[in-house]
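Biologist: Could you walk me through this fold before I go back to the bench? I would like to start with how you name its parts.

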Amino acid sequence: MNRLLLTAFGRFDGGPNCSEALLRLLASDRARLEAAFGGPVAFRLLEVDTEAAERQLAAAIAETRPSHVLLTGQAAGREALSFERVARNRRDLRVADARGQFGALGPVRDGGRETRAASWPDLEGAAAALRALGFPAEVSDDAGAHLCNQTLYLALEAAERASPAFVATFLHLPLTPEQVAAGVPAAARLASCFALPLDDMARAVAAFLVHTRRDRNRPPDA
């Protein structure tokens with residue numbers, strides 16, 4: 001059975017996290033999102049805590065037993081919705097996490113492989129489909145070195161031993177106009193900052209899931 005786990009992060013960098021706002025908006029119309037995806041959708045909010053990340057994510061996966069994991073997080077300065085296809089085995093927090101941990105903290109997994117590739121199918125096709133609908137969208141090979149990269153690495157690692165198996169990617173979100181207007185620290189550090197309305201993000205996520213459902217249901221020789 002197809003089941004989606006959609007995660008977001010809580011407060012980050014001295015202000016609200018647009019991924020949490022998006023999660024709450026999507027959860028408010030769960031039936032629409034489930035119709036887009038073609039199966040049940042579960043929502044989980046994660047703390048921005050590098051030491052608790054593995055425990056939180058593992059619990060969410062165990063509770064929901066997903067076939068698809070879509071992780072989301074904020075990325076000030078991005079000018080598009082960015083689907084990440086590479087996670088790296090590193091933690092270098094340029095902005096402190098919720099417990100004040102900061103700087104180069106070593107690998108995500110001691111002795112783990114250097115990189116892991118996102119397993120969600122057809123990210124390039126999905127990004128192109130979103131652009132055709134008027135949404136700024138791209139595929140990225142740089143998930144950073146904060147918890148966004150860390151949770152993607154951990155999810156892809158967990159997917160290798162999960163039963164049932166699942167696919168995963170990370171979606172980086174630009175700031176919202178409200179965040180930029182409020183001068184949140186993430187925006188204040190930038191000379192100019194692209195922003196995307198929350199409603200547009202929600203519509204784009206729904207369109208992304210529709211693309212995934214259609215791709216999943218396409219005959220092998222199509």
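Modeller: Strands here are DSSP runs of at least two residues in state E, numbered from the N terminus. Please keep in mind that this is a predicted model.

Biologist: Fine. Where does Asn 89 sit, then?

Modeller: Asn 89 lies in the loop between strand 5 (86–88) and strand 6 (91–93).

Biologist: Is Asn 89 buried or exposed?

Modeller: Asn 89 has a relative accessible area of 15%, and because anything under 20% is called buried, Asn 89 counts as buried.

Biologist: And what does Asn 89 touch?

Modeller: Leaving aside residues up to four places away in sequence, Asn 89 is in contact with Pro 107, Val 108, Arg 109, Gly 112, Arg 113, Glu 114 and Tyr 153. With Val 108 there is also a polar contact, in which the side chain of Asn 89 reaches the backbone nitrogen of Val 108 at 2.8 Å.

Biologist: Tyr 153 caught my eye; which charged end sits over its ring?

Modeller: That is Arg 116, whose charged end is placed over the ring of Tyr 153, 5.0 Å from the ring centre. As for pairs between aromatic rings, the count is two, and ring pairs join Phe 83, Trp 120 and Phe 208 into a cluster.

Biologist: Changing topic, what is the strand order in the open sheet of six strands?

Modeller: The order is 2-1-3-10-4-9, with mixed pairing. Strand 2 (41–46) and strand 9 (137–140) form the edges, each pairing on one side only, and the twist from one strand to the next averages 25°.

Biologist: Which strands does strand 1 pair with, and in what sense?

Modeller: Strand 1 runs parallel to strand 2, over six bridges, and parallel to strand 3, over four. Thr 7 illustrates both sides, since its bridge partner in strand 2 is Arg 44, while Leu 71 stands opposite Thr 7 in strand 3.

Biologist: Why do you call strand 1 largely enclosed?

Modeller: Because six of the six residues of strand 1 are buried. Leu 4, Leu 6 and Ala 8 are buried on one side, and Leu 5, Thr 7 and Phe 9 are buried on the other.

Biologist: What about strand 4 and strand 10?

Modeller: Strand 4 (residues 81–84) and strand 10 (residues 167–173) pair in the antiparallel sense over three bridges, with Ser 82 opposite His 172. Helix 4 (residues 123–132) packs on the sheet, touching strand 4, strand 9 and strand 10, and its direction makes about 160° with that of strand 9.

Definitions and conventions:
Residues are numbered from 1 along each chain as its sequence is written. This is a predicted model: local features need pLDDT of at least 70, side-chain atom pairs count only at pLDDT 80 or more; totals for chains, interfaces and linings use all residues. Side-chain values use heavy atoms; hydrogens and water are left out. Two strands pair if DSSP finds at least two bridges between them. Axes are lines fitted to C-alpha atoms, for helices over the stretch in contact, and angles run from 0 to 180 degrees between N-to-C directions. Contact means heavy atoms within 4.5 Å. Rings of Phe, Tyr and Trp (its six-membered ring) pair if their centres lie within 6.5 Å; planes under 30 degrees apart count as stacked, over 60 as edge-to-face and the rest as tilted. A charge sits over a ring if NZ of Lys or CZ of Arg is within 6 Å of the ring centre and within 35 degrees of the ring normal. Buried means under 20% relative accessible area, exposed over 50%, partly exposed in between (1.4 Å probe, protein chains only). A polar contact is a pair of N or O atoms within 3.5 Å; within protein, one must be able to donate a hydrogen and the other to accept it, and residues adjacent in sequence count only if both atoms are side-chain atoms.
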